[in-house]
Amino acid sequence: MSPGKQASEREAAAPMAAGARLESMRRRVRLSRLAVLSAIAAGPVALCVAIASTPTTVQAATSSKPAAVRTAAVAADPGGYAQLFVSVWLRSSADDATSAQARLAQSMAPDIELPAPAPAAGAQPKPESVTAVRSAQREGGTWSVTVAAQYADGSVRYYAVPVAADPVATSFTVTGAPGVVAGPARTEVPKSSYGVTVPEGDLSSAVGEFLAAYLTGAGEVDRYLAPGVRMSAVSPAPYTTVSVQQVSAVEEAAAGQVPADGTKVRVLVQVEARDSGGRWPLGYELTLKARSGRWEVAALESGTARDGGAR
């Protein structure tokens, strides 16, 4: 056979071989689909077998698994648990161990004895309120929680409560009887950063009008806000009147005329609010921004200010 004829036969055979391989692949895919559909009808076990018998190329495409994500257990603060225990423990009595308060105290601390009043004293005083004031974590998953109990006569007793905590199950157990301890000492207050006294003028008027709208509903709050700032008034309005008592600032720019546009100052405002029940001294930390010759409120952060008192 001539070389030219052999080359012609090879070229004719190549498409036939490629077509045969393609048809074979199609048959395998059709058979795989048929096996899966039959397995679905047959039940879960057959489905698993059918999936396992699909071509290896399909398994390779779907066998990748996401890496497991592990998170460390975070120890939960048992302050609320200790607060509840001291509350029911102080309201329970060994003379009535079946009361609801006593049963709850015993369920939270099975090995702790209940208090017992002296026979001649009558009923023991019950606290008006009980509040957890400090939690300190110890070694081995244990905590010491200090709880304050306030009584009707104004006296306060502080109790240290040992608590074991399981961070995985988020469970607690009181491990020992509460101990009466001295209350926390007052800390030294850092010197106030609001050292600039702001006289009556544009800035004090601006904050007074804003807080009046914010606390009494006297006008729209939006008119006192810088562009882009969103803030809602307290609702329902808790006070009938609000008057500014003192304004202090961090920046000297707050004490003079309204500066150039974009100037920001931080101020601490002491106000007196009144309602039908009396008068209330309140404090607010504000950030103001100058624009078009007026001051506008850019932020309000009550509860964050530190002030050493009137100067």
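## Ser192 and its surroundings

In this predicted model, Ser192 sits in the loop that connects strand 5 (179-181) to strand 6 (196-197). Ser192 is classed as buried because its relative accessibility is 14%, and the limit for that class is under 20%.

The side chain of Ser192 also has a partner in the backbone. One of its polar atoms is 3.0 Å from the backbone nitrogen of Tyr194.

## The hairpin of strands 9 and 10

Strand 9 (residues 278-291) and strand 10 (residues 294-300) run antiparallel and are joined by six bridges. Which residue of strand 10 is the bridge partner of Leu286? The partner is Leu300.

Two residues lie between the strands of this hairpin. Ser292 adopts a positive phi there, near 55°.

## The chain overall

Six helices and ten strands make up the secondary structure elements counted in the chain. The chain has 311 residues, and 30% of them count as buried; Ser192, at 14% relative accessibility, falls in the buried class.

For contacts between residues at least 6 apart in sequence, 48% connect residues that are at least 24 apart. The exposed area of the chain is about 19800 Å², with 54% of that area supplied by carbon and sulfur atoms.

Terms used:
Residues are numbered from 1 along each chain as its sequence is written. This is a predicted model: local features need pLDDT of at least 70, side-chain atom pairs count only at pLDDT 80 or more; totals for chains, interfaces and linings use all residues. Side-chain values use heavy atoms; hydrogens and water are left out. Helices (H or I, at least four residues) and strands (E, at least two) are DSSP runs, numbered from the N terminus. Buried means under 20% relative accessible area, exposed over 50%, partly exposed in between (1.4 Å probe, protein chains only). A polar contact is a pair of N or O atoms within 3.5 Å; within protein, one must be able to donate a hydrogen and the other to accept it, and residues adjacent in sequence count only if both atoms are side-chain atoms. Contact means heavy atoms within 4.5 Å. Accessible areas come from the Shrake-Rupley method with a 1.4 Å probe; for residues, only the protein chains shown count as cover. Two strands pair if DSSP finds at least two bridges between them.
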